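Please review the domain contact and one small sheet in the model below. Short notes follow.

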Amino acid sequence: MRITAADVVVTCPGRNFVTLRVTTEDGLVGLGDATLNGRELAVASYLADHVVPLLLGRDARAVEDTWQYLYRGAYWRRGPVTMAAIAAVDTALWDIKAKAAGMPLYELLGGACRVGALAYGHASGRDLPELFDSIRLHLERGFRAIRVQTGVPGLGTVYGVASSAAGGGDRYDYEPARPTALPVEEVWDTRAYLRHLPGVFEAVRHEFGPELPLLHDGHHRMTPIEAARLGKALEPYDLFWLEDATPGEDQAALRLIRQHTTTPLAIGEVFNSVHDYTTLLGERLIDYVRSAVTHTGGVTAMRKLLDYAAVHGARSGLHGPTDISPVGMAAALHLDLAVHNFGIQEYMPHTARTLEVFRTSYTFTAGLLHPSDAPGLGVELDLDAAARFPYRAAYLPVNRLADGTVHDW
Ligand SMILES: [Mg+2]
């Protein structure tokens, strides 16, 4: 089953996506997501200039061997660009293998462990009335777990808070990457945030009751001792998790947070290798693995990472906002169904324009996602539709403190 073509498709149906489309001599087509939000063309070049020439003529069935060939063969290992490129190849080869077998990918990964993957949605509001409306809207749409992000008095735009009120306009999800010449700059004040947040969770619990799983993302902005204090302050509100409390690369920080709070901890969306987790999982410092299949070397590498997490009592919480294409989302859903230590899946529905380009078959019913029983990943790429939406440069924001110091965004 020789690979005869591998094409890199860059398209912008509202936001940029990079897709690798691999074709075999017998006409099977496999797709892999290589989208790295804000740095998309670097991965497109890595693939087109350095990986595609190595794929032509290779046996598409050799998934593990191809992964090792690209990872070890590059000599320069890891990093988001390299691992997103390897992920795209790996996911496309799994798509082909499952199509050749006539099975949905999750069957090849061992079969379904559950009927669907519990999804959490992103609710947000600049103030409590707006936040409550947003939570209600998500509950009406079927979500059974909710991430809560809130504006902070005295601060302007805050990470995770949609700029339009719930129900206003034809899309309601948070789209921070903006097509501007330079990144938008925001101002941040951790003390104001820490004063405000526990009261917001108290109000949400009072309004929506004790059962609804609630999540929160700190987006790497706290010091270890600030995060420890927040985790402790949120304990009465029984969070499902506190995510990205501190910058993930400082692994010892999680040790300090863990010593002070029983609030479950999730981290890892900016990681790209199982080696980023050896301290965190080995010392049982986190409860949930937040990586994306798209940024972590694909289905092969994510399966190994989740098995490593399982040995250490941690569960999956795979990254899944709309900076992952529907191809990357589908890959996550097949793993969600097949691994025993599934926790929850992040889900922000893609726009109608995105779904014109990527024809999906996964479903969202009564709070649960299912990848569908179509052979392979269950996603098709419409090349004509993709060509109608050319690439547009877009940047994520940059954060500064009030005195101008650059801070984590
Ligand atoms: Mg996050």
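Which residue is the bridge partner of Glu-186 in strand 17? The partner is Asn-399. This is a predicted model: local features need pLDDT of at least 70, side-chain atom pairs count only at pLDDT 80 or more, and totals for chains, interfaces and linings use all residues. Residue numbers start from 1 along each chain, as its sequence is written.

**The sheet**

Strand 6 and strand 17 (residues 398-401) run parallel, joined by 4 bridges. Two strands count as paired if DSSP finds at least two bridges between them. Helices (H or I, at least four residues) and strands (E, at least two) are DSSP runs, numbered from the N terminus. The open sheet has 3 strands in the order 6-17-18, and its pairing is mixed. Strand 6 (185-188) and strand 18 (406-407) are at the edges with a single partner strand each, so one side of each has no neighbour in the sheet.

**The domain contact**

Domain bounds come from an automatic or database domain assignment. The C-alpha centres of domain 1 and domain 2 are 26 Å apart. Residues are in contact if their C-beta atoms, placed from the backbone, lie within 7 Å.

| Domain | Bounds | Residues in the contact |
|---|---|---|
| Domain 1 | 3-104 | 31 residues |
| Domain 2 | 108-374 | 30 residues |

On the side of domain 1 that touches domain 2, the elements giving two or more residues are strand 2 (17-24), strand 3 (29-33), helix 2 (63-73) and helix 3 (80-101). Helix 3 gives the largest share of that side, 11 residues.

Notes. Two residues are in contact if their C-beta atoms, placed from the backbone, lie within 7 Å.
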